[in-house]
Amino acid sequence: MEMEMPMPMPMPSSLSMISSGNVTSEISAVCSLQHVFRFVGMADMDPKRASDALVVLSAVVFVFLAVLQKYLNSGTTGEYSKPAYPPSPPRWPILGNLPSVVMNGGELHTALRLLGKKMGPIYTLWLGRSFPLVVVTGEEATQEALITQGTVFAARPMLISWQYISSGYKTTMTSPMGPHWQKLRKIISHDLLSPAKLASYKPVRDTEIERLINRFKCLAAENNGVVNPLLELRESAVDIIMRIGFGDDFAKLEGNNQNAKVKELDQNFRDIMDAGSIFQIALDSSSVIRTLLFPASRKCYNNIRTISANITDLVMPIILERKKQLKERPVSDANTFVDALINLKGEDKLTDMEIVWNVAELMVGGTDNTSHILEWILAEMVTHPEIQAKAYGEVRVAMGPNLERRLVQESELPKLPFVQAIVKESMRLHMMAVLAIPKIATQETKLRGYDIPKGTMVIFHAGALALDEDIWADPMEFRPERFINADRTPREMKCAYMPFGAGRRSCPGSSMGMLHLHLLLANLLYAFEWGPEAPGKPVDFTEKFRMVVTMKTRLRATITPRSHI
Ligand code: HEM
């Protein structure tokens, strides 16, 4: 294995953010054989001839790359001892494993999981000839890295694309380990998500849940009971998080052009999520690949810059207005996340741009995950009416005989272990942040006996662990009970079940995320019975990978309001 450059250039980007509608389609166009034909202009050829031509074309490209690699290697001395990386599948010259990863034809996370079964619990993918990406799919290896060597695997890669959506790596997710990152984590846990703060957002949650139920009722009445849950769930998640993040400033936008603005902002957040891809990581990490694929690469970066400018234009005015208000009338105790960020003084002070991107990160974290996870959960409820009935029964008992009470309260949640188990099981079977967010090794180390040089990017495949038959009995089955009669404690399961990641960079918003999921599910089950779009029509559970895993076909369900609603 040849090393082209000393080490992968540290790069920026949120695993969640990388490519444009156009670029994504252009890249995914290369993802199946049939698309390859179109990509190289052979779509109209007879398939046999096209296939032969593709073999010849591949051979030519292969030879070209081999020669180019030889030429590039001619400047290197080769006088260093090569690290013994974890094993890797066979590689192409220059492009490494990139062609096989991009052209696997299936969803990337599944390909990486299956590769783990073949290669073992830890393997290397070469994205380009000089950029090793280590993929971990085994529990022991994950435990060793994230817990035993927690400080070593706690840094983020500085992906080029991330710098545009983080004001130069100044957000919690993108920031390197150090005082800045610690400060941001502290603000999140003290000023945003402490138990007292979380409790103080209850009125916001109550209002938005009530609104959500009313919207579902109206939509169902207009459309013979059929609804598209994701759109409504997303709107609620965005409203909740905007009110928490901005407080009254957000409320003031209401009645004005709030709806349009929020929708535009949310669209940009979605674009950020859609932008995530392994291709972008490869672009970020290899100057050779960036040069070889210059047009696609330019489009990718232009796209990220456009999204970044849109988000800045939408969020910055609100921040500046709030700053003005706080200057005129300072508050001692920050009511909102934005106030907490603005109030930082001295060395801790953030620039306006840093505030914008930290707020944006919170919003993406708090909206995209919650709404898509709930869509998966409702899909399972539609598919398993008996499980839904059992959960509804539990909620009814917890609510008591007084059916005047329309909303399930947070105080009722401890009485709903089965509802909570449904949430956990859905998050296992449909692990959203399937590859978590990549880490890099902060120092040279060994993992399961293999060399991991300083700066190596490592992906922990939470989705592979969640479906590992050595950890879970019948892992492909939806069985909430497994979380009630669990053999192992949550602590023991830390690295086998990690929808929020594990170790130092694990999600600081997990308590809020779980609270919203439990509360929303309990209320949606209490208010409606969820059935298929048409009698007997099965739900399409096909997955779509966009650095998180969502439903490829939006769920449509028929809802019947319960008699007490
Ligand atoms: C159900 C909802 C959520 C899920 C499934 C989720 C999942 C995750 C995952 C898997 C990570 C990466 C962990 C790693 O790298 O090992 C992460 C990081 C993060 N999440 Fe969440 N998250 C959720 C909700 C939230 C909320 C509500 C917030 C903010 C209020 C939030 C803020 C963050 C931040 C700032 C990071 C980066 C942490 C760091 O790098 O230190 N998340 N989340």
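The questions and answers below go through two sheets, a metal site and a cavity in a predicted model.

Residues are numbered from 1 along each chain as its sequence is written. The model is predicted, so local features need pLDDT of at least 70, side-chain atom pairs count only at pLDDT 80 or more, and totals for chains, interfaces and linings use all residues, while side-chain values use heavy atoms, with hydrogens and water left out.

Me: Which strands stand at the edges of the sheet of four strands, and why is one side of each left without a neighbour?
Reply: Strands are DSSP runs of E of at least two residues, helices are runs of H or I of at least four, and both are numbered from the N terminus. Two strands pair if DSSP finds at least two bridges between them. The open sheet has mixed pairing and the order β1-β2-β7-β4. Each edge strand has a single partner strand, so one side lacks a neighbour in the sheet; the edges are β1 (122-126) and β4 (439-440).

Me: Which residue in β2 stands opposite leucine 125?
Reply: β1 pairs with β2 (residues 132-136) in the antiparallel sense, over five bridges. Opposite leucine 125, in β2, is leucine 133.

Me: Which protein residue is the donor of the iron atom of the ligand?
Reply: Donors are N, O and S atoms within 2.8 Å of the metal (3.2 Å for Na, K and Ca); water is not among the atoms, so sites may look incomplete. The loop between α20 (462-466) and α21 (510-527) holds cysteine 507. Its SG atom lies at 2.3 Å from the iron, and the only protein donor is Cys507.

Me: Which element gives the largest share of the lining of the largest cavity?
Reply: On a 1 Å grid over the protein atoms alone, a cavity is a set of points where a 1.4 Å probe fits but cannot get out, and lining residues have an atom within 4 Å of a point. The largest cavity holds about 970 Å³, a volume being the space filled by probe spheres set on the points, with grid points joined across faces, edges and corners. It is lined by 48 residues, and Cys507 is among the closest to its centre. Ten lining residues come from the element with the largest share, α17.

Me: Which residue in β11 stands opposite glutamate 529?
Reply: A second open sheet, of three strands, has the order β3-β11-β8 and antiparallel pairing. Five bridges join β8 to β11 (residues 557-561). Opposite glutamate 529, in β11, is threonine 560.

Note on methods
1 Å grid on protein atoms, 1.4 Å probe; cavity = no way out; pocket = protein on both sides within 12 Å on 5 of 7 lines; lining within 4 Å.
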